[in-house]
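Here is a briefing on one protein model and its ligand. Keep the sequence and the 3D view open while you read.

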Amino acid sequence: MKPRIFVTRRIPEKGLEMLRPQAEVEVWPDALPPDYPVLVERVQGIDALLCMLTDRIDGNLMDAAGSRLKVISQFAVGVDNIDTAAATERGIPVGNTPGVLTDTTADLAWALLMAAARRVAESDRFVRAGKWKTWASIGFLGQDIAGATLGIVGFGRIGRAVAERARGFGMRILYHSRRRHPEAERKVNAEFVGLDTLLRESDFVSLHTNLSEDTRHLMNEANFKKMKPGSVLINTARGPIVDSGALYRALSSGTIAYAALDVTEPEPLRPDDPLLALDNIVLCPHIGSASHKTRSRMSAMAAENLIAGLNGKRLPHCANPQVYDIS
Ligand code: DGY
């Protein structure tokens, strides 16, 4: 009997082509993800799960899948929706897709930075609304990027790729992370500083940390107050790193000038979310890695991880490598 794989949403064809010869592949057909109780039901008896960041994958779901479940392969680099400790306890490796989406996500962080600095989305709304009557010397004034200070919080692959792009704009680059990265900082001429200094001195603050208990609501009321007046916050990492209520107050009181978010808390934002009423915010629906090439590569990488796990081999990209220490 062929093993059974459940894929929680449609993914680019490349990954599915790799999976089909290996197993019986069932793909959730709807545009919206299966609700948790439905997912729990659908995973029963499967051998492998290919999931998205919108799926809650916890110990209960793993137990519902049963003892045949050999691998969980996430179609994303971030795995904060998966209880990796519960997977490790059960001897299940969890795959993810690091590296392939670095440049694509860094590009979007820059697209957002520039859109916020130069009020692009606001200008677009103004033109479409038929409000453009004449050229104005004091209309839509924004922030200069060239020569400004960029503060990067989290200096992993994506944070560094954002820094590389900043060099072309002659920016001063500050970064803050759990530990110092001397070689990477030399390469992009970045300066390692404490979070307070970064917030105080940066014109643009871009978030690139993982979501963990340490980083949840890292950008809270107190930290917004430390930011430079007129500064801009960019988040392409995870929504809950920013306390939305505190962000709303910072934007509406003018503590900071602008925000540009690809990720929010919750996702999607509710239609009555106060952030939606503000002009000084640019919002995207979590599209950091959304290029044709990258999403196709992510599907291939997720399939590679899944096939390795199905065949009892070490996953090429494993988010819980400790699982291999348990004999
Ligand atoms: C990730 O991979 O974690 C992104 O958020 C989606 O590509």
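A166 has a relative accessibility of 0%, so it counts as buried, the cut-off being under 20%. The model is a predicted one. The points below begin with this alanine and its helix, then move to other buried side chains, the ligand site and the backbone.

**A166 and helix α7**

- A166 is part of helix α7, which spans residues 157-167.
- Beyond its neighbours up to four places away in sequence, A166 touches W110, L150, M171 and I173.
- A148 and A166 are 18 residues apart in sequence. Their C-alpha atoms are 9.6 Å apart in space.
- A166 shares its buried status with other α7 residues: the buried set is I158, G159, A161, V162, A163 and A166.
- These buried residues of α7 pack against two helices, α5 (102-117) and α8, and against the strands β6 (149-153) and β7 (172-176).

**E185 in helix α8**

- Helix α8 covers residues 182-188 and holds E185.
- Is E185 buried or exposed? Its relative accessible area is 9%, so E185 is buried.
- The E185 side chain has a polar partner: the side chain of R180, at 2.7 Å.
- R180 is also one of the contacts of E185 outside the four-place window in sequence. The others are F155, Y175, A190 and F192.

**N81 in a loop**

- N81 sits in the loop between β4 (71-74) and α4 (84-89).
- Its relative accessibility is 13%, so N81 counts as buried.
- The side chain of N81 reaches the backbone oxygen of M52 at 3.0 Å.
- Leaving out residues up to four places away in sequence, N81 touches M52, L53, D55, R56, I57 and Q74.

**Ligand site**

- Which residues are around the ligand? They are L53, A76, V77, G78, L101, R238, H286, S289 and M298.
- By class, this shell has five nonpolar residues, three polar ones and one charged one.
- R238 places a side-chain N or O atom 2.7 Å from a ligand oxygen.
- H286 has a polar side-chain atom 2.7 Å from an oxygen atom of the ligand.
- S289 has a polar side-chain atom 2.6 Å from an oxygen atom of the ligand.
- On its own, the ligand has 230 Å² of accessible area, and the protein covers 90% of that.
- L53 appears in the ligand shell, and L53 is also touched by N81.

**Helix α11**

- Helix α11 runs over residues 244-252, and its buried residues are S244, A246, L247, A250 and L251.
- Why do they lie on the same side of α11? They cover an arc of only 155° around the axis, which puts them there.
- Their cover includes helix α10 (221-226) and the strands β10 (232-235), β11 (258-261) and β12 (281-283).
- At the start of α11, a side-chain oxygen of D243 comes to within 3.0 Å of the backbone nitrogen of G245.
- After α11 comes G254, with a positive phi near 80°.

**Backbone points to check**

- As background, most residues other than glycine have a negative phi, and most peptide bonds are trans.
- H217 is not a glycine, yet its phi is positive, about 55°. H217 lies in the loop between β9 (204-207) and α10.
- H217 has 29% relative accessibility, so it counts as partly exposed.
- H286 also has a positive phi of about 55° and is not a glycine. This histidine is in the loop between β12 and α12 (292-310), and it is one of the residues around the ligand.
- E265 and P266 are joined by a cis peptide bond, with omega about 0°. P266 belongs to the loop between β11 and β12.
- A cis peptide bond also joins E267 and P268, with omega about -10°. P268 too is placed in the loop between β11 and β12.

Technical notes
Residues are numbered from 1 along each chain as its sequence is written. This is a predicted model: local features need pLDDT of at least 70, side-chain atom pairs count only at pLDDT 80 or more; totals for chains, interfaces and linings use all residues. Side-chain values use heavy atoms; hydrogens and water are left out. A residue is near a molecule or strand if one of its heavy atoms lies within 4 Å of it. A polar contact is a pair of N or O atoms within 3.5 Å; within protein, one must be able to donate a hydrogen and the other to accept it, and residues adjacent in sequence count only if both atoms are side-chain atoms. Accessible areas come from the Shrake-Rupley method with a 1.4 Å probe; for residues, only the protein chains shown count as cover. Ala, Val, Leu, Ile, Met, Phe, Trp, Tyr, Cys and Pro count as nonpolar, Asp, Glu, Lys and Arg as charged, and the others, Gly among them, as polar. Buried means under 20% relative accessible area, exposed over 50%, partly exposed in between (1.4 Å probe, protein chains only). Helices (H or I, at least four residues) and strands (E, at least two) are DSSP runs, numbered from the N terminus. The arc is that of the directions from the helix axis to the C-beta atoms. Contact means heavy atoms within 4.5 Å.
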